[in-house]
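Okay, everyone, thanks for making time. I'd like to walk you through a structure that is new to most of this group, so have a look at it first and then we'll talk.

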Amino acid sequence: MFKFAALIFKNLGRNKVRTTLTVLTIVALVAIYSFVCTVTDVAKTMMTAHSGDTRLLVQEKWSLPSLFPVRHVPKIAAVDGVVDWTAWNAYAGVVGEDTPIIAGLATRLDNFRAMHSGLEDLDPAILEAWEKERTGALVGQQIAQQIGRKVGQTFTVTSATHPGKNLEFKIIGILPSGIWQLTFFFRRDYYEEATGDRELVNAMWLKVRDAETGKRVAATVSEMFEHSPTQVKVETESAGIARFSGHVQTIVNIITFVANVLLVNMIIAQANSISITVRERRKEMAILKVLGFQPGMILALIVLEAMLVGSISGVAGAALAYATSELNASGALGGTVTILAQFPVPAAFIVRGFFVGAAVGFAASAIPAWNVRKVEVAEVFVRL
Amino acid sequence: MPELIVNVEEVTKNYQRGAQVVKVLRALDCRIAAGDFVALIGPSGSGKSTLLNLIAGLDRPTAGRVEVAGSLISGMDEASVTRWRTRHVGFIFQFYHLIPVLSAYENVELPLLLFRMTRARRREQVLRALELVGLLHRMTHRPGQLSGGEQQRVGIARALITDPELVVADEPTGDLDHQTSEEILDLLQAVHESLGKTILLVTHDPAAARRAERVMRMDMGQLIPESKAAVLLWSEAR
Amino acid sequence: MVPVAYSYRNLLVRWKTTLMTAAGFTLVVAVLIVMLAFTSGVTTVCAVSGEAENVIWLTKGNIDEVLSRIDVQTARQLELAPGVLSDDRGRALASRELYMMVTQRDEKTGRWEFMSVRGVYENALEVHTQVRLIEGRMFQRHCRELIIGRQLARAHDIRIGDRLTLGRASWDVVGICEAGGSAFESELWGDLDQLAGCFHRRGIYTAVVLRTADAATARETASYLDGSRQVAVDASCELDYYARQAEQTDLLRNAALVIGVFMAIGAALGVTNTMFAAISARTSDIAVLRIVGFTKGQILAAFLFESVLIAAIGGTLGSCLGYALNGLTLETAMGAKKVAFAFQVDAAVLSTAAVFTLVMGLLGGLLPAVSAMQIRPLESLR
């Protein structure tokens, strides 16, 4: 088919207006599709159990917000199979009068990178700074923007969760784009000292060697506190998230529905364009047949043309989405759109855009191309 | 002196083709009296279409005056000329150019929609026009359901519906077989004789040109009045 | 005016193309309606939740009662606020409440779900007058009994006499209540002390709700303790509190509009494509109309009408599809809460969708209509 590549490319240029309009339509739809899919992809990734799930979440078994005694922590950490652990205490409040409530997590410093998803590659210099600064806080990009502070500056939180215990923090680093946009981390020791809360903890994370060990550890820990006043629940990271996501299932379903509708929309839009084109080119199809083109070849020409348009548009649309996402993250759009920052479109989506576009082109051209195979030479020549 | 329906004086028309200026009409004079049946012949590129455009008010001369049905149309703005054209000029085309999705009745009625008229009044006129061209029995049919000759009849009815002073027929038989052409030409002649319409017939067809009372020949942007005999000689020589 | 028949019959003749182009609008409208009906439904739940006479106190800075922590001393102080009504025994009509999200295993599906549970005392119904028992009775003090909101009961098929496991204990469902479609219909209510004991939350409340005579008094009461350094609590009129919960759907509404705009651009470009093709196939029609005497403006209007008609066809189909969802009840997260809501395809939702459709139909058809207008008549016919 490559010898016909010139013909295919030339056909694209025959009606530049139509080709441009079709391309723009698909670019627009693929761009928004990229954003929507990023949300569903993140949700799916978080919700799917990984066979190598080696992180366990320990929480109070029955209620939210989870609270269990801090004396449980060393017992849990000592369970055979637990390779590493950290604990979280939630601390939330407002900065000044106008900012929305921001959520902080007090945690261990020494194994911070290892124990937090997506932060394994955090700059070691930041951790060094954190070690030196007791009130240090690692702040999500969105929070930094909301409170209007940069690295090196301080902020004071009027606490909503610990009434009367208003803590001051110094920003020692900004967290990368992703799920931690609306969180800030600070040191456990500072939390305990400043709030006086040495009794309770909200959650614990455990690292285990492998999934099998994880199951064993989970069972051991649950059983350990079976008859304790405070029961705990241990589950893998993805199971925990899946349980939470059941909470937002309706929204996830709506977003998935939207993503599917967008695909259908693209196919119909391109199918429309191709049908019009094919109708206009009936005479040419007849002439190609007279010249010796087999029906299958004529079909292939149309399908390839559609896939070419689709894939170019798909790449452009995905690239547009990626570029917008990056500009948003860097603040170049004049303010940051939260949901975009929380679900950044990855560069890899550009490749996916290519395949989505090509698949759309294929699906859109299937029926019109199949119909045009049946063009009767005689019928068209009479009109000529 | 008979009343002039068309009075074209010293008209020049030039077109810009890139850097070049193409002179299509050169100081052309043309007069058509009321009630005339005139055939306009000439080779391709002689300027027939251009002259037709000017007389119909579809274009403006580079220089000169164009007066049709008592109005100086070369001095009018586009909106005024459009309004004027509906009332004073009827068109018949080689390829009929009926609106495919409208019935014969609706195609004929089309120009009347631009007038303030009751539906009943419109209906009366349309039926009369269709009767004149012998197509009352086909009035609900769409162009796709009519033969070439029938479509041209509808075209003629449409051209006459606003009772224009001038009827311009641009190759009306160009797409028809011999017999049907004769029928259409008969009809045009009847329209001329019974309704006293002024007809300007642009044609390549000598048989059609023969039906006219007067023949004008165009060549290289100029009009050359010729006798009928000369026309016949010309056509036989081709 | 160019006859309307000219426009719609052309759409009929090319019905496949018309439908495919219209489908773009159908999809925009359907998606918009689904998303907007969702936010409208959730907003409605919030709008009918709360009473103008009630004032809700939470720990300072909290917008949601889940994280709020009010101790007994502070609660006592709040009950002394001016304007608070008294019951017939002279006690302040103040409802101390403990709100939690509790994990519960649905016996029927086997899935673990979060349920909204509110610990209250018997005077809660006198403070929350919109909550009424419609079946069974109120739970008894010091007993492990629950009353359940109508929506929650329906969603999980829970009836009076059912036994639910909350935490380690079993609780009997003794009553079903309705609350005007508000968030309370998605909750379980039980004895506060029993719940606090079960979930290790003794001595704390998440909220204190005070009943006053009217909205004006409520506002005054809310400003009691404003600026106090001794207690760190915030008050809102209950209606305002729930209205703020609805603001959380703003994100989804904005996302819906952004998605709608992109899809509408796609649909508009689709109509542009179709109309350009239609016009190029109908240049002789347009030329004839011009020669016969129709003005450029009338030609423009005819083709704009045609593109708007395509949009309207698609939009109407989409509205019908979207409307099929009206009244469908589901549960969703609202902040930390889980509420039942009904998709609400109301006039506002439908008119937003209609405006989108018509504007994009017009914009999409504009360029082609302008090009139709520019057709030079006699040249097109030759």
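**Strands, a long contact and two domains**

Let's start with one residue pair: G93(A) stands opposite S159(A) in β7(A). Before I go on, keep in mind that this is a predicted model. That glycine–serine pair belongs to the pairing of β4(A) with β7(A), which is antiparallel and has two bridges.

Now stay with β4(A), because it keeps turning up. How many bridges does β4(A) make with β11(A), residues 203–208? Six, and the sense is antiparallel again. If you want a pair to click on there, take T86(A), which sits across from W205(A) in β11(A). Then there's strand β5 of chain A, residues 102–107, joined to β4(A) by five bridges, also running antiparallel. In that pairing, Y91(A) has G104(A) as its bridge partner.

Okay, next stop: where chain A meets chain C. The contact involves 48 residues of chain A and 53 residues of chain C. Which elements of chain A give two or more residues to that side? They are α2 (16–47), β2 (63–64), β4 (82–94), β7 (154–159), α9 (237–247) and α10 (249–280). So yes, our friends β4 and β7 are on that list. The top contributor, though, is α10(A), with 15 residues. As for what that side of chain A is made of, we get 29 nonpolar residues, 17 polar ones and just two charged ones.

There's strand pairing between these two chains as well. β2(A) pairs with strand β3 of chain C, residues 94–105, in the antiparallel sense over two bridges. To find it on screen, look for S63(A), whose bridge partner in β3(C) is V102(C).

That takes us over to chain C. Its helix α2 covers residues 15–47, and here's a little sanity check. With 33 residues at 1.5 Å each, the helix should span 48 Å, and the end C-alpha atoms come out 45 Å apart, so the two agree. Is α2(C) mostly covered or mostly open? Mostly covered: 28 of the 33 residues are buried.

Let's zoom out on chain C. According to the domain assignment, domain 1 is 4–47 plus 248–381, while domain 2 is 54–211. The C-alpha centres of those two domains lie 47 Å apart. They do touch, with nine residues from domain 1 and 13 residues from domain 2 in the contact. On the domain 1 side, α2 and β14 (337–342) of chain C each supply at least two residues. Of those, β14(C) has the largest share, at four residues. That side of domain 1 breaks down into five nonpolar, one polar and three charged residues.

Last bit, and I don't want to leave out chain B. There we have an open sheet of four strands in the order β2-β1-β4-β5, with antiparallel pairing. Which strands stand at the edges? Those are β2 (20–33) and β5 (71–72) of chain B; each has a single partner strand, so one side of each has no neighbour in the sheet. Further in, β1(B), residues 4–17, and β4(B), residues 63–68, run antiparallel and are joined by five bridges. One pair to look for is E9(B), with R65(B) as its bridge partner in β4(B).

That's my tour, and I'm happy to take questions.

Conventions
Residues numbered from 1 in each chain as written. Chains lettered and ligands numbered in written order. Predicted model: local features only at pLDDT ≥ 70, side-chain atom pairs only at ≥ 80, totals over all residues. Expected span 1.5 Å × (residues − 1). Buried ≥ 20, exposed ≤ 12 C-beta atoms within 10 Å, placed from the backbone. Contact = placed C-beta atoms within 7 Å. Nonpolar A, V, L, I, M, F, W, Y, C, P; charged D, E, K, R; others polar. Pairing = 2+ DSSP bridges. Domains from an automatic or database assignment.
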